[in-house]
Amino acid sequence: MRYIRKTLKTEHLILRRPYLTDIDDLFICTSNPNVTKYEGWRKHNSPMETLNFVNSLMECMELKCCNDYVIVEKESDRAIGIINLHDIDYEKDEGYIGYWIAEDCWHKGYATEAVAAFIGFMTKECKVRKIL
């Protein structure tokens, strides 16, 4: 598996690296119990928690140890979620896909669009053999 970082664009979305300017938009998501219900972490109670989260993603990206992309709605230029590959088995070149999206963006096909672009990129360019 290769580590490649690039911005991905689809019809309605941009998948890109996180920035500190995403904190307010992402806090709306991370503080919503409906969005975080099935995550392995609790909802955020303050923007400072989201700041720490985004800082950890940015640091991890600099170290090339994570594949977290911010999902941005093109029309509004708003950060609406995160998509990533986690629990990666480097010997088998496989990992698990994960994502969450702002509740007001549900039922618009954004998750399907983001997942399709992300899987295509991870399998073709990063040479991931299996995504679970």
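## Burial and the Arg16–Asp22 pair

A residue is called buried here when its relative accessible area is under 20%, and exposed when that area is over 50%. In this predicted model, Arg16 is buried, and Asp22 is buried as well. For Arg16 the relative accessible area is 15%, which therefore falls under the 20% limit.

These two buried residues form a salt bridge, in which the closest N and O atoms are 2.7 Å apart; the side chains of Arg16 and Asp22 are likewise joined by a polar contact of 2.7 Å. Arg16 lies in strand β2, which covers residues 13-16. When its neighbours within four places in sequence are left aside, Arg16 is in contact with Thr7, Asp22, Tyr69, Val70 and Val72.

## The sheet

Six strands make up an open sheet with mixed pairing, and their order is β1-β2-β3-β4-β5-β6. The edges are taken by β1 (8-9) and β6 (130-131), each of which has a single partner strand, so that one side of each is left without a neighbour in the sheet.

The pairing of β1 with β2 is antiparallel and runs over two bridges. Lys9 has Ile14, a residue of β2, as its bridge partner.

## Helix α1 and its two sides

Helix α1 spans residues 23-30, and within this helix Ile23, Leu26, Phe27, Cys29 and Thr30 are buried. These residues lie on the same side of α1 because they cover an arc of only 160° around the axis. An α-helix has 3.6 residues a turn, so residues three or four places apart point the same way.

On the other side of α1, Asp24 and Ile28 are exposed. The buried residues of α1 are covered by elements that include the helices α2 (33-36) and α3 (47-62), together with the strands β3 (69-73), β4 (78-89) and β5 (94-101).

## The nonpolar core

The largest nonpolar core has 33 residues, and those with the most contacts inside it are Leu15, Ile71, Ile80 and Ile83. At least two residues of this core are supplied by each of β2, α1, α3, β3, β4, β5 and α4, the last of these elements being residues 110-124.

The surroundings of Ile80 can be given in detail. Apart from neighbours within four places in sequence, Ile80 is in contact with Leu13, Cys29, Ile71, Glu73, Trp100, Ile101, Ala102, Cys105 and Tyr110; among these partners, Cys29 is one of the buried residues of α1, and Ile71 is itself among the core residues with the most contacts.

## Further salt bridges

The structure holds five salt bridges, one of which is the Arg16–Asp22 pair described above. Another is formed by Glu62 and Arg17, whose closest N and O atoms are 2.9 Å apart. This pair links distant parts of the chain, since Glu62 belongs to helix α3 while Arg17 lies in the loop between β2 and α1, the two residues being 45 residues apart. Glu62 is exposed, with a relative accessible area of 56%, whereas Arg17 is partly exposed, with a relative accessible area of 25%.

A salt bridge also joins the side chains of Arg78 and Glu73, at 3.9 Å from N to O, and both Arg78 and Glu73 are buried. Through salt bridges that share partners, Glu73, Arg78 and Asp104 are joined into one network. Glu73 is also one of the residues in contact with Ile80.

Terms used
Residues are numbered from 1 along each chain as its sequence is written. This is a predicted model: local features need pLDDT of at least 70, side-chain atom pairs count only at pLDDT 80 or more; totals for chains, interfaces and linings use all residues. Side-chain values use heavy atoms; hydrogens and water are left out. Buried means under 20% relative accessible area, exposed over 50%, partly exposed in between (1.4 Å probe, protein chains only). Helices (H or I, at least four residues) and strands (E, at least two) are DSSP runs, numbered from the N terminus. The arc is that of the directions from the helix axis to the C-beta atoms. Contact means heavy atoms within 4.5 Å. A polar contact is a pair of N or O atoms within 3.5 Å; within protein, one must be able to donate a hydrogen and the other to accept it, and residues adjacent in sequence count only if both atoms are side-chain atoms. Two strands pair if DSSP finds at least two bridges between them. A nonpolar core is a set of buried Ala, Val, Leu, Ile, Met, Phe, Trp, Tyr and Cys residues joined through side-chain atoms within 4.5 Å. A salt bridge is a side-chain nitrogen of Lys or Arg within 4 Å of a carboxyl oxygen of Asp or Glu.
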